[in-house]
Amino acid sequence: MRTLEIHGQEFDSLKGFYKSLEPCLIVGECPWGQNLDSLDEIVSCNFNYSDNKENDVNCIIWTDFQKSKREIKDKRGDKTVIEIIEEIFNSNNKIEFIIK
């Protein structure tokens with residue numbers, strides 16, 4: 001099992017957020033499209049596209065989350081992208097999502 005750490009101080013845009021995830025997606029044939037649908041698919045597979053369950057992510061820690069929430073203002077419909085990302089991360093009950 002792996003822990004994924006997202007460091008909000010390292011990006012200030014949605015593109016930066018997506019780029020920060022790329023190092024975590026090196027296992028298996030990952031169809032990373034840098035969009036919310038692709039993120040949802042990756043989270044549903046525990047960030048693991050291999051047969052080795054040791055590569056599953058079981059915890060996501062997002063430091064400086066409030067900074068990201070303030071700076072990433074993109075919206076999809078009535079929700080901010082950050083709210084949607086929160087929902088996606090919380091949608092997999094095998095992954096603990098921790099905000100710091």
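Ring pairs join Phe11, Phe17, Tyr18, Trp62, Phe65, Phe89 and Phe97 into a cluster. The model is a predicted one, and a search of the whole structure returns ten aromatic pairs. The same kind of whole-structure search for salt bridges yields two. The points below treat the aromatic rings, the salt bridges and the surroundings of Thr63 in turn.

**Aromatic rings**

- A pair of aromatic rings is described by the distance of the centres and the angle of the planes.
- Phe17 and Phe89, for instance, form a tilted pair, with 6.5 Å from centre to centre and 50° between the planes.
- Phe17 belongs to helix H1 (residues 14–21) and Phe89 to helix H4 (residues 81–90), so this pair ties together parts that are 72 residues apart in sequence.
- Both Phe17 and Phe89 are buried.
- Phe17 and Phe89 are also members of the cluster, which includes Tyr18 and Trp62.

**Salt bridges**

- One salt bridge is formed by Glu71 with Lys67, and the closest N and O atoms are 2.7 Å apart.
- Both partners, Glu71 and Lys67, lie in helix H3 (residues 65–71), where they are four residues apart, about one turn of the helix.
- Glu71 has a relative accessible area of 36% and is therefore partly exposed, given that this class lies between the 20% limit for buried and the 50% limit for exposed.
- A salt bridge is also formed by Glu87 with Lys79, again with 2.7 Å between the closest N and O atoms.
- Glu87 is partly exposed, at a relative accessible area of 41%.
- Its partner Lys79 likewise counts as partly exposed, because its relative accessibility is 35%.

**Surroundings of Thr63**

- Thr63 is located in strand S2 (residues 57–63).
- When residues up to four places away in sequence are not counted, Thr63 touches Ile6, His7, Gly8, Gln9 and Lys100.
- With one of these residues, His7, there is a polar contact between side chains, at 3.3 Å from the side chain of Thr63.
- Asn52 is eleven residues from Thr63 along the chain, and the C-alpha atoms of the two are separated by 28 Å.

Note on methods. Residues numbered from 1 in each chain as written. Predicted model: local features only at pLDDT ≥ 70, side-chain atom pairs only at ≥ 80, totals over all residues. Heavy atoms only, no water. Salt bridge = Lys/Arg side-chain N within 4 Å of Asp/Glu carboxyl O. Helix = DSSP H or I, 4+ residues; strand = E, 2+ residues; numbered from the N terminus. Buried < 20%, exposed > 50% of the residue type's maximum accessible area, 1.4 Å probe, protein only. Contact = heavy atoms within 4.5 Å. Polar contact = N/O pair within 3.5 Å; in protein donor to acceptor, adjacent residues only side chain to side chain. Phe/Tyr/Trp six-rings, centres within 6.5 Å; stacked < 30°, edge-to-face > 60°.
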